[in-house]
Amino acid sequence: MKTFEEKWTAWLDGQLSGKELNDFEASLPDLVTAEVEKRDAQKLGSFLKEQLGAQVLSNAEFFSHQLHERIARDTQDRHRPATWWTIPRLVWSGATALALFVITTVVLMTQHQPGEQSEYLTQILNSRVDPAANPNATIYIFESKNDNKVTVLWTEGLQSLPADYAAR
């Protein structure tokens, strides 16, 4: 058995006939008002079909339409913010950076022995200044421990070199 809504829709579409049509129209409280609504619904239906009708496209137009739609979607996707840094990528990037750090640290630590003296180590040999001639002067002599045997004489505040520092 059809509900009232189903019968109403069938009546508006003109699908009721015979005894079913007579029974339905007899069940309506105001047939004149229902006929006006039926005409308005049919006018609205024809107007919508006229305005919203799908345009038939040829094969070339359909292909072109698909391309235009795809270009529009791609353009919209480009304007969205990039989400390259997802959580799994962040985790893998962090783990890779940590592993590279550990490997680099281990390689560098094995190249330098902790008990070994640096090749840049020097030794202060002596420091003498005549306090009467140069009260604010300091002299430092550095000699390197590597094979080059470099000696550096560092003087601060010295007005003149004492006689015992003459070149030998």
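This section describes the fold, the nonpolar packing and the charged side chains of a predicted model.

The chain contains five helices and three strands. Read from the N terminus, these elements follow the order α-α-α-α-α-β-β-β. Of the 168 residues in the chain, 8% are buried. When contacts are restricted to residues at least 6 apart in sequence, 21% of them join residues at least 24 apart. The accessible surface of the chain amounts to about 14,700 Å², of which carbon and sulfur atoms supply 59%.

Helix α1 spans residues 4-12, and its buried residues are Ala 10, Trp 11 and Leu 12. These buried residues of α1 pack against two other helices, α2 (18-27) and α3 (31-52). After α1 comes Gly 14, which has a positive phi, near 75°.

In soluble globular proteins, nonpolar side chains tend to be buried together. In the present model, the largest nonpolar core comprises seven residues, namely Ala 10, Trp 11, Leu 12, Leu 16, Phe 24, Leu 28 and Ala 34. The element that gives the most to this core is α1, with three residues. Leu 12, a member of the core, is in contact with Lys 38, Ala 41 and Gln 42 once its neighbours within four places in sequence are left aside.

One of these partners, Lys 38, belongs to helix α3. Lys 38 is buried but forms no salt bridge. The nearest side chain of opposite charge is that of Glu 35, at 5.1 Å; this pair is not a salt bridge because the criterion requires a side-chain nitrogen of Lys or Arg within 4 Å of a carboxyl oxygen of Asp or Glu. With residues up to four places away in sequence not counted, Lys 38 touches Trp 11 and Leu 12. Both of these contact residues are among the buried residues of α1.

Across the whole structure, two salt bridges are found. In one of them, the side chains of Lys 2 and Glu 20 meet at 3.9 Å, N to O. This pair links distant parts of the chain, with Lys 2 in the segment before α1 and Glu 20 in helix α2, 18 residues apart. Lys 2 counts as partly exposed because its relative accessibility is 40%. Glu 20 is likewise classed as partly exposed, at 37% relative accessibility.

The side chains of Asp 23 and Lys 19 also form a salt bridge, with an N to O distance of 3.0 Å. Both residues of the Asp 23 and Lys 19 pair lie in helix α2, where they are four residues apart, about one turn of the helix. An α-helix has 3.6 residues a turn, so residues three or four places apart point the same way. Asp 23 has a relative accessibility of 42% and therefore counts as partly exposed, whereas Lys 19 is exposed, with a relative accessible area of 61%.

A nonpolar patch on the surface is formed by Trp 84, Trp 85, Ile 87, Leu 90 and Val 91. Together, these patch residues have about 590 Å² of accessible area. Leu 90, one of the patch residues, lies in helix α5, which covers residues 87-111. Its relative accessibility is 43%, so Leu 90 counts as partly exposed.

Key
Residues are numbered from 1 along each chain as its sequence is written. This is a predicted model: local features need pLDDT of at least 70, side-chain atom pairs count only at pLDDT 80 or more; totals for chains, interfaces and linings use all residues. Side-chain values use heavy atoms; hydrogens and water are left out. Buried means under 20% relative accessible area, exposed over 50%, partly exposed in between (1.4 Å probe, protein chains only). Contact means heavy atoms within 4.5 Å. Accessible areas come from the Shrake-Rupley method with a 1.4 Å probe; for residues, only the protein chains shown count as cover. Lys and Arg count as positive and Asp and Glu as negative; His and the chain ends are not counted. A nonpolar core is a set of buried Ala, Val, Leu, Ile, Met, Phe, Trp, Tyr and Cys residues joined through side-chain atoms within 4.5 Å. Patches are made of residues with over 30% relative accessible area and no salt bridge: like charges are joined within 9 Å, nonpolar side chains (Val, Leu, Ile, Met, Phe, Trp, Tyr) within 5 Å.
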